[in-house]
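Welcome, and thank you for stopping by. Let us walk through this protein together, from its surface to its interior.

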Amino acid sequence: MALTQIKFAPGVDKQDTSVGAIGRWTDSDNVRWRYGLPEKVGGWQSLLTDSIVGVARKQHAFVDTEGNRYIAIGTDKFLLIYFEGQLFDVTPLSTTISAATFTFNGTTTITITTSAAHNLEDGDIVLFDSVTLPGGTGLTDADFEDKLFQVISTPTANTFTITFTSSGSAASGGSVDIKPYERVGPAAQTYGYGFGISQYGGTVQGAQTTALNGALLADTAGTGGSGTAVTVVSTTGFPAAGTIAIANELITYTSKNSTQFLGITRGAKGTATTGTSNGQAHSTAATVTDATEFSGWGDAVDAGTITLEPGLWSLSNFGQVLVATIANGKTFTWNAGDAARLSVRASTTTTDFVTTGNPTATRATLISPTTRHLIHFGTETTIGSTSTQDDMFIRFSEQEDINDYSIQATNTAGSQRLQDGTKIMGALVAKENILIWTDNALYTMKFVGAPFTFGFEQVGTNCGLIGKNAAIEIDGVAYWMGSNGFFSFDGTVNTLPCSVEDFVYDDVDTTKGQQICAGINNLFTEVTWWYPTSGSDFNNRYVVYNYGVTNNPLPMGNWYTGTNTNSIRTTWIDSLVYPKPYATAYNSSGTGNFPSIIGETGLGRSVLFEHETGTDQVNPDGSVTTLTSFIQSYDFSLQTDQGAAEYFLAMRRFLPNFKILQGDATITISVADYPADQNTNTTLSPFTVNSTTTKVDTRARGRYAAIKIENTGAAESWRFGTFQADLQPDGRR
């Protein structure tokens with residue numbers, strides 16, 4: 001019988017069934033469509049032999065006046081500069097804690113005691129300076145001087161512990177200045193109240209802590225199983241009456257003395273031992289946290305609607321000056337024009353570019369493209385008062401002065417509050433204006449001159465942004481991911497028809513929207529969103545929209561998906577300052593080595609990759625990880641006068657037709673008798689083909705057949721053309 005050519009449209013259709021998605025591919029991984037043909041994506045290689053400590057959340061590339069190129073990388077712990085193949089730590093420092101003392105106990109755990117409350121949290125990063133060790137430890141000052149340490153625990157308001165690489169003999173005293181790194185935020189987003197990825201109820205930043213002095217039993221009593229008092233090391237800094245948290249248990253108290261919380265009620269707000277009214281068991285020295293200001297305990301609505309956002313950055317440049325804002329925190333600058341730029345840190349007091357007059361709690365910032373105003377989104381109504389932060393309030397500086405926010409008739413500083421939504425989610429510079437998303441609406445912000453400076457217009461509703469970094473703009477069109485669909489804006493808000501929408505939204509974890517990362521690859525006209533699914537702490541899947549299909553547009557667009565672990569990203573920048581896209585991949589169980597942190601634990605690692613190079617993944621140590629890929633077709637049937645699938649089809653041979661084939665490709669033929677049946681591979685499948693393969697003999701029989709094209713080996717690449725098969729009817733039963 002004559003050969004039949006099976007034609008496939010570009011992209012993946014997951015809205016229909018595998019039989020109903022006629023003429024489409026139904027699944028893919030590490031595949032893109034170019035000129036209508038599917039091909040394996042390009043490979044990537046690490047730009048560094050180092051890997052970054054923590055999870056990268058933002059990249060920004062810029063150039064100084066001498067043409068030097070830089071990438072600023074914001075993580076949940078650090079602000080780093082990538083320059084000429086190296087990383088430099090420019091993370092801003094918080095207020096120095098002077099003249100703390102050491103306590104060595106003969107193990108690798110060292111306790112640091114401060115004269116006043118240190119306000120540190122577990123996991124914080126601190127820099128040691130002016131170190132003088134107590135005598136008899138067997139260690140030297142140089143072992144600690146100018147070294148970074150991770151705070152392992154905070155037993156009390158005035159003590160915290162670190163871990164050293166070796167044991168020091170028992171001793172106490174000495175002196176050290178503690179320089180805390182500015183706190184950015186947690187690695188992952190979770191519920192603020194209710195069960196999350198860490199302790200029940202989340203935390204309040206800087207909450208007072210102490211330690212139990214004696215064990216609590218799983219009962220309703222106090223320390224040691226008697227009375228109504230909980231004994232601790234110190235109650236200093238705790239309110240006169242309130243709530244404390246120990247692990248997952250809440251305990252209320254009516255009064256206190258110097259070392260006891262009195263009039264206690266165990267297992268408050270449903271935190272007792274499961275199935276009982278008793279409190280939980282806690283060992284002596286367990287951390288006790290002031291939970292008085294925690295909100296929503298035991299309230300299911302709060303648990304589902306209030307979240308603790310991950311550590312995020314806003315990065316932009318004021319000429320050659322990097323402007324970096326910690327989400328819901330301060331704004332810092334770093335001057336690439338400084339002769340000693342690679343040895344100085346971002347700061348609020350950078351010479352000629354101070355930001356001490358900026359708001360101190362802001363959701364996001366950016367520099368307006370032509371007028372050069374520094375704009376704060378979701379910021380303070382009273383500058384310097386974090387308690388006045390309004391998530392819908394916008395404030396912008398005087399033109400060309402990023403530190404002047406005084407609103408006067410003689411300058412262009414100003415403010416505006418948006419109405420539709422509960423918080424500003426993100427903003428970016430577009431072709432003719434600035435786009436601002438709330439959680440429900442889209443606004444434009446355009447320079448209009450005196451007296452208002454900027455004009456604001458609401459251009460869309462029910463189209464809010466799911467996360468700060470989930471929007472991208474190219475060629476005057478913005479694309480973004482909302483909580484209920486994908487959208488574009490080209491002067492009008494448009495819902496993007498999506499052939500994989502249910503696949504994405506049935507499983508995306510919308511409570512982790514701030515972790516979603518959007519990236520554009522203009523060479524291949526692709527917008528990609530990397531996102532976490534339900535049950536995943538971090539991004540583990542991606543979806544791609546190819547906006548370059550202009551001829552014969554598909555009814556639901558050209559979309560494709562992927563789940564390959566090696567392909568998941570947390571940041572992405574397109575080729576502009578650098579010739580190829582740069583992106584970061586995060587491994588929560590890995591260990592980074594830059595910056596070097598003594599006692600590092602549980603922070604994970606990020607790798608900076610250059611994309612569209614080679615065929616596989618080249619790791620920081622030079623090893624190669626095979627980059628696999630596949631596409632799966634719809635279940636096609638034999639078309640006869642009696643209709644589709646009336647006859648069983650028999651496939652005797654097929655002719656693979658690859659536009660490009662480097663190495664081998666694997667082709668699998670699977671069949672099914674009925675639409676509800678699970679496809680099974682044919683007897684001779686899979687088939688290995690290469691550039692010299694002219695035909696493949698096979699024996700396949702079923703009402704429906706599907707093909708899968710994949711590569712499983714290293715150094716392989718392919719672009720598939722057409723599929724021709726010898727099909728003939730083979731009975732009607």
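A residue counts as buried when its relative accessible area is under 20%, as exposed when that area is over 50%, and as partly exposed in between, using a 1.4 Å probe and protein chains only. This is a predicted model, in which local features need pLDDT of at least 70 and side-chain atom pairs count only at pLDDT 80 or more, while totals for chains, interfaces and linings use all residues. Residues are numbered from 1 along each chain as its sequence is written, and side-chain values use heavy atoms, with hydrogens and water left out.

Let us begin with two residues whose backbone may catch your eye. Most residues other than glycine have a negative phi, and most peptide bonds are trans. Ala285 has a positive phi, near 80 degrees. You will find Ala285 in the loop between β24 (260–262) and β25 (287–290); the strands named here are DSSP runs (E, at least two residues), numbered from the N terminus. Ala285 counts as exposed because its relative accessibility is 51%. Glu612 also has a positive phi, near 60 degrees, and sits in the loop between β49 (605–611) and β50 (617–618). With 18% relative accessibility, Glu612 counts as buried.

Next come two cis peptide bonds. One joins Phe594 and Pro595, with omega about -10 degrees, and Pro595 belongs to the loop between β47 (582–587) and β48 (597–598). Another joins Ser685 and Pro686, with omega about 0 degrees; here Pro686 is in the loop between β58 (680–681) and β59 (687–689).

Now for the charged side chains. A salt bridge is a side-chain nitrogen of Lys or Arg within 4 Å of a carboxyl oxygen of Asp or Glu, and the whole structure holds 18 of them. In one of these, Arg345 meets Asp89 at 3.7 Å, N to O. Arg345 lies in the loop between β29 (331–335) and β30, and Asp89 in strand β10 (residues 86–89), so this pair ties together parts that are 256 residues apart in sequence. Arg345 is partly exposed at 26%, whereas Asp89 is buried at 17%.

A salt bridge also forms between Glu249 and Arg266, at 2.8 Å, N to O. Since Glu249 is in strand β22 (residues 249–253) and Arg266 in the loop between β24 and β25, the pair ties together parts that are 17 residues apart in sequence. Both partners are buried: Glu249 has 0% relative accessibility, and Arg266 has 6%.

Asp124 takes us to another corner of the model. Its salt bridge is with Arg183, the closest N and O atoms being 2.6 Å apart. This pair links distant parts of the chain, 59 residues apart, with Asp124 in the loop between β12 (109–113) and β13 (125–132) and Arg183 in the loop between β17 (171–180) and β18 (190–191). Asp124 is buried, at 6%, and Arg183 is partly exposed, at 23%.

Which side chain of opposite charge is nearest to Lys77? That is Asp124, 4.8 Å away, and Lys77 is buried yet has no salt bridge. (For this purpose Lys and Arg count as positive and Asp and Glu as negative, while His and the chain ends are not counted.) A polar atom of the Lys77 side chain does lie 2.8 Å from the backbone oxygen of Gly123. Lys77 itself is in the loop between β8 (69–75) and β9 (79–83).

Finally, let us look at the enclosed spaces. On a 1 Å grid over the protein atoms alone, a cavity is a set of points where a 1.4 Å probe fits but cannot get out, and lining residues have an atom within 4 Å of a point. Grid points are joined across faces, edges and corners, and a volume is the space filled by probe spheres set on the points. The search finds two cavities of 30 Å³ or more, and the largest has a volume of about 220 Å³. Its lining has 20 residues, and those closest to the centre are Arg32, Val41, Glu526, Thr528 and Trp530. Two of these names, Arg32 and Glu526, return in a network of salt bridges together with Glu612. The second largest cavity holds about 50 Å³, and strand β34 (residues 424–429) gives the largest share of its lining, three residues.

Note on methods. On a 1 Å grid over the protein atoms alone, a cavity is a set of points where a 1.4 Å probe fits but cannot get out, and a pocket is an open set with protein on both sides within 12 Å along at least five of seven lines; lining residues have an atom within 4 Å of a point. Helices (H or I, at least four residues) and strands (E, at least two) are DSSP runs, numbered from the N terminus. A polar contact is a pair of N or O atoms within 3.5 Å; within protein, one must be able to donate a hydrogen and the other to accept it, and residues adjacent in sequence count only if both atoms are side-chain atoms.
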